[in-house]
Each structure stands twice: as C-alpha cells, then as structure tokens.
Amino acid sequence: MHKNQVPFFRPYLDELELNEVLDTIRSGWLTSGAKVKRFEQEFATAVGASHAVAVNSCTAALHLALEAHGVKPGQGVLVPTMTFAATAAVVRYMGAIPILVDCDPLTNNMDLLDAESKLAQLKAGKLQDGLPRDTPVVGMMPVHVGGMMMNIEAISSFASTHGLWVIEDAAHAFPSAWRKGPDEPWQRCGEGTAHVTCFSFYANKTITTGEGGMAVTEDAEIAARMRSMSLHGLSQNAWGRYSNSGSWDYKIVAPGYKYNLTDIAASIGIHQLTKAEKMRQMREEVASYYRKALASMEEIELPAEDSNRIHSWHLFPIKLYLERLSITRNEFMERLKEDGVGCSVHWRPLHLHPYYQETFGWQPEDLPAATAVWERTISLPLFPGMKDEDVEHVIRTVRSECARHARSYAAQLS
Ligand SMILES: *Cc1c(COP(=O)(O)O)cnc(C)c1O
C-alpha cells in the first residue's frame, strides 16, 4: 500500500529560475554582478525600501547591520529568546551581550512588557551574574515569528523611549505587512519598519536563493557601510571592480567579511520575487484550510489571527493543550512522523540552550512564557504547491492522534 509522505517544506521553482541560472552560467559572470544589482533593485521596490544590500545569508545581513551600528563588546542588545540561533549569535560576534526577552504566548513574538521589565531588572542588578548591571543596552532585534508582524509603532515607541536602534530579523516576514487599524494604511515589512530589516532566502524560507539574504534600510550611510563590509571592507568605488565599469584599483578601509551574493543565486531570487505574493496566497489558502479543519479540536490551540496583518505564513505552529492529552509534544511529533507528516519545532528557546545557560546563567523560569510554549508547540507542513491530498493527510493525522490520545474529562481534573 502506498504510504502518504508529506515533507515539512518543498521550494517552489520552475523553468524561469532554471533558465535564468543557465543564462548566468552561459554568460561567464558567476559572482556578484548585474543580476545581483537587478535583484537588489527589484527587492527594494517590492518592500518599499530605499537601499538593499544582497548578501549570502540573513545571518550575514544581521551581522553587517550590527557592525554598521558600531556595536561594541560589553554592550547589551534586547533579543527575543523565541528565535533561531542566528539572531543572538551575531550579537556575540560583536562581543556584545544578548539580553533575552520572553514571548507573547499567543503570537510567540517578543513581549515588550517583559523587555521593559528585563531593562529594569538589569539596572537594579537583579538579572543574573553573567549580566553586569552597568551593561549599556543599545539596541533591540525583534523577530516577526512565522511571518506575523509585531506592532511596529509599539516597537518604535519602545525604542525611542529607551534610546535604542532597531534591527529587524525579518527572516520569516517577506512578504508581510501591518497596519494600526482598519482605517490606517498598510506598511510593508522593510518599508522603514526598522533602521535595518534583514531577510532570509535560505532553502526553506518564503522565497529562496538556496542560501542568501538581504539587508534593507533608509539610511544611505548604513547601506554603504554594509555593502563595503560585505566585500572585504573595500572602498565603495572598488565595488565596481566586480562589473565591467569597475577599476582594477581598490582600497581596504576596514577588515571586512566575505558575504556577497552570487549572480547564480540572484538568478533564482529574481524569479522567486515575482512569484512571492502568489506563493504567499497559496500558503494562506493552506493555512485557512488547516484552521477550518482543526477549529473544533479541543486539544489544539491554533496560531493567532489579526485582521491588521498581512501574514507571510512561513509557519503554521499549533500548540497542544497538554493537560487534555495523554502524550507529550515529542511523542505527538513521533506519531506524526510515523504517519508520514514532516513537522518541526520553532523553537527550543535560546535560554534553554547550553551555551546561553552556561555563559549568562539563564534559567527556564527567567522566561516562563517561552519555556511553556516550547513544550507544546509543533509547526505543521506549509508550502506553496502543497496538494489537497497532502493537506488532508496532515489534518486527518492530527485529528486522529488527538482523538486517540485525548484524556477524559475526569482524568484532566485529577
Ligand atoms: C532562518 C533564520 C535566520 C537565518 O537565516 P539564514 O539566511 O539561514 O542565515 C535568522 N533568523 C531567523 C528567525 C530564521 O528563521
């Protein structure tokens, strides 16, 4: 008998990407050149940004953004604990200290009330020993988890109250938008939503170049610094040496990195970009299918909804009501895997990783909302081009595992 297998993610590519890559290979110009330039310009237009710098990962974009902001060793940066490794790792690259912030248990996004409280605790010397009370906090790095944007106005007012810059980890948030209310205009993620906004084009993100990223900003100087540092810290006019107009001479103005994107990758990106909204709508359709089919399940909490957001639907995380089930999240995932459903968890929060525990002394109870979310969350498969029968297989599997392992009402009370 044929067994249904649904992967967690599959990229959505066709002849357009294929032919563009072939065209690039045939041209003989493989690294950063005309296609990267075109991808940058078209991406900037797509998000409504003034400057875009293409790089080889979102991690690189985040690192360059911090470097361009002159982050110094020993300074503090507010980072959500509910994020991927990269958001905090780049802070450590600079020798700075990630001050971890708890999440809103509904959206999994950074909780600004907890950010306020972590700042107060830090000043009062009440955070752990790894975090000295005189640590100057200089910036914050919100993450739009799964593509559901945070309230941008709340972030900027928090940032200006505390004199912080904002570097957005928008790895999940293209294309995404928010508005303050039904009568307010939409603002796209990257359209001046932060000092720098960083996107990911990793293989399983909303658009992909295999590996790749983009930093966008309204600040010409920051953009120029990021561009220079993405290519060995060469002077601006030296960048042209990668095109026909370039000169053979260049000057090193700082010890930079090697983060530039290739024209091969940009060839894929150019066509992914034109499909981005279509792919978003395809994911949204799957998400509403899931939502409808799982709405009646008492064992499951569905992702938050907000009519003032355009959701990229990078992820569809469900949360188990563990008290209503006789199995744990890990056991639940194991069952889904056995039934051919590829799942993932976003994420084991940073404060539950040995590095952050051992280096800064974080304990599970310091960030209680994230600690609780981690134990009950599962991300279901969600990608454009998912077949109806695949979506139905996921739904059927989730429903039957819930039914099989539901605890009786009496058992829940005891
Ligand atoms: C994927 C991801 C990154 C890193 O992106 P890369 O392009 O792989 O460097 C950073 N932050 C978050 C939240 C991510 O999910």
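Helix axes that cross at under 35 degrees count as roughly parallel, over 145 as roughly antiparallel, 65 to 115 as roughly perpendicular, and the rest as oblique. Keep that in mind for the first two stops of this tour, and remember that the model on your screen is predicted.

**Stop 1: H3 and H7**

Please select helix H3 (58-68) together with helix H7 (residues 220-229). Their axes come within 9 Å and cross at roughly 125°. That angle falls outside the parallel, antiparallel and perpendicular ranges, so H3 and H7 are oblique to each other. Turn the view until one helix lies in front of the other, and you are looking at a right-handed crossing of H3 and H7. Now show side chains: H3 brings Leu64, Ala65, Glu67 and Ala68 to the contact, and H7 answers with Ile222, Arg225, Met226 and Met229. Sorted by class, the contact of H3 with H7 has six nonpolar residues, two charged ones and no polar ones.

**Stop 2: H5 and H6**

Next, select helix H5 (residues 112-123) and helix H6 (residues 152-162). Here the axes come within 11 Å, with a crossing of roughly 15°. With angles under 35 degrees counted this way, H5 and H6 are therefore roughly parallel to each other. The crossing of H5 and H6 is right-handed. To see who meets whom, display Leu112, Ala115, Glu116 and Leu119 on H5, then Ala154, Ile155, Phe158 and His162 on H6. The contact of H5 with H6 is made up of six nonpolar residues, one polar and one charged.

**Stop 3: the largest pocket**

Which residues should you pick to land by the centre of the largest pocket? Choose Phe84, Ala171, Ser200, Tyr202 and Lys205, which lie nearest the centre among the 25 residues of its lining. The largest pocket holds about 360 Å³ of space. Two elements give two or more residues to its lining: H3, which you have already visited, and helix H4 (85-93). H3 gives the most, with three residues. Colour the lining of the largest pocket by class and you will find eleven nonpolar, eleven polar and three charged residues.

**Stop 4: the cavity**

How many cavities of 30 Å³ or more does a search of the whole structure find? The search finds one. The largest cavity has a volume of about 130 Å³. To centre your view on the largest cavity, select Leu106, Thr107, Pro303, Ala304 and Pro317, the closest to its centre of the 14 lining residues. Its lining has eight nonpolar, four polar and two charged residues.

**Stop 5: backbone details**

Switch to a backbone view for the last stop. Most residues other than glycine have a negative phi, and most peptide bonds are trans. Three places are worth a visit with that in mind.

- Zoom to Phe174 and Pro175, which are joined by a cis peptide bond with omega of about -10°. Pro175 sits in the loop between strand S5 (165-169) and strand S6 (177-178).
- Move on to His346 and Trp347, where a cis peptide bond has omega of about -5°. Trp347 belongs to the loop between helix H9 (329-338) and helix H10 (354-360).
- Finish at Asn108, which has a positive phi of about 70° although it is not a glycine. You will find Asn108 in the loop between strand S3 (97-101) and H5.

Methods:
Residues numbered from 1 in each chain as written. Predicted model: local features only at pLDDT ≥ 70, side-chain atom pairs only at ≥ 80, totals over all residues. Heavy atoms only, no water. Axes fitted to C-alpha atoms, helices over the stretch in contact; angles between N-to-C directions. Helix = DSSP H or I, 4+ residues; strand = E, 2+ residues; numbered from the N terminus. Left-handed = near helix turned anticlockwise from the far one by under 90°. Contact = heavy atoms within 4.5 Å. Nonpolar A, V, L, I, M, F, W, Y, C, P; charged D, E, K, R; others polar. 1 Å grid on protein atoms, 1.4 Å probe; cavity = no way out; pocket = protein on both sides within 12 Å on 5 of 7 lines; lining within 4 Å. Points joined across faces, edges and corners; volume = space filled by probe spheres on them.
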